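Q: New model on my screen. Walk me through it, and I'll butt in as we go.

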Amino acid sequence: MAVWVGICGVAMNDIKKINFDSKDKFYNYLNLKLTGLICEEPDWLANLSNAAGVLWLLLEDINWAGFYLYKNEELILGPFQGRPACTHIKIGKGVCGTAAETKETQLIKNVHEFPGHIACDSASNSEIVVPIIKDDRLIGVLDIDSPVIGRFDEKDRKHLERFVAVIVRYVNFPECFV
Ligand code: SME
């Protein structure tokens, strides 16, 4: 008898690198797996950690993926994968602080042309930062870096904004972030 298990509670080893012929298909898979990982887990730290892990596992050509969280009027380093990174970023500073201040995604084709870019890893050449907003309030940002100039485009923006929408929907952020 077939058993319908739905998308929640995906097994960790169900997540595999697969070659898709389009970014749309790739991101549909990524966002489905993210939903499966986090939709039944109540712990915010576990969920952001697995969100960083699934990005690191599945995205090609990246050297950093993770979160900065808004606390005491600045961004503080959260769960991530990649080289150790700067721990405090002021609102309005760097790509992350700009995304936090404007509440708009920053899609940076070449970080060396972005005034005030904060170089946590000298391998980074392009970057995308998506703000995490819940009920009009800043929770933090998702930050992904790549060694490839022009790595991220409008499709990445659209789907990574959906990735963040899944996080906003399912993650129970503690009071200090909301
Ligand atoms: N490059 C970011 C800093 C964070 S690291 O990339 C992990 C920025 O300019 O805000």
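A: Terms first: strands (E, at least two residues) and helices (H or I, at least four) are DSSP runs, numbered from the N terminus. Two strands pair if DSSP finds at least two bridges between them. This is a predicted model, where local features need pLDDT of at least 70, side-chain atom pairs count only at 80 or more, and totals for chains, interfaces and linings use all residues. Residues are numbered from 1 along each chain as its sequence is written.

Q: Good. In what order do the strands of the sheet run?
A: β3-β2-β1-β6-β5-β4. That makes an open sheet of 6 strands, with antiparallel pairing.

Q: Which strands stand at the edges?
A: β3 (88-90) and β4. Each has a single partner strand, so one side of each is left without a neighbour in the sheet.

Q: Start at the β4 edge, then. How many bridges join β4 and β5?
A: The count is 3. β4 covers residues 106-108, and its pairing with β5 is antiparallel.

Q: Which residues should I click on there?
A: Two pairs. L107 stands opposite I128 in β5. I108 faces E127, also in β5.

Q: And β5 itself, how many of its residues are buried?
A: Here "buried" needs 20 or more other C-beta atoms within 10 Å of the residue's own (exposed is 12 or fewer, partly exposed is in between). β5 spans residues 126-134, and 7 of its 9 residues are buried, so the rest of the structure largely encloses this strand.

Q: What about β6?
A: Mostly covered as well: 8 of the 10 residues in β6 are buried.

Q: How many bridges hold β5 to β6?
A: The two pair over 9 bridges, in the antiparallel sense. β6 runs over residues 137-146.

Q: Any pairs I can look up?
A: Take K134, which stands opposite R137 in β6. Another is I132, across from G140 in β6.

Q: How many residues sit between the strands in the hairpin of β5 and β6?
A: There are 2 residues between them. Check the backbone at D135, which takes a positive phi near 50° in this hairpin.

Q: Now the other side of β6. How does β1 pair with β6?
A: Antiparallel, over 6 bridges. L69 has G140 of β6 as its bridge partner. I132 stands opposite G140 too.

Q: While we're there, where is F67?
A: F67 is found in strand β1, which covers residues 64-71.

Q: Buried or exposed?
A: F67 has 23 C-beta neighbours inside 10 Å, so it counts as buried.

Q: How far is F67 from D153?
A: In sequence, 86 residues separate F67 and D153. In space, the C-alpha to C-alpha distance is 20 Å.

Q: Switching to the ligand. Which residues are closest?
A: G94, V95, C96, I118 and C120. In total, 15 residues surround the ligand, where a residue is near if its C-beta atom, placed from the backbone, lies within 6 Å.

Q: Which element gives the most to that shell?
A: α3, with 4 residues. That helix covers 94-102.

Q: And which elements each supply at least two residues?
A: α3 and β6. So β6 turns up again: this strand also pairs with β5 and with β1.
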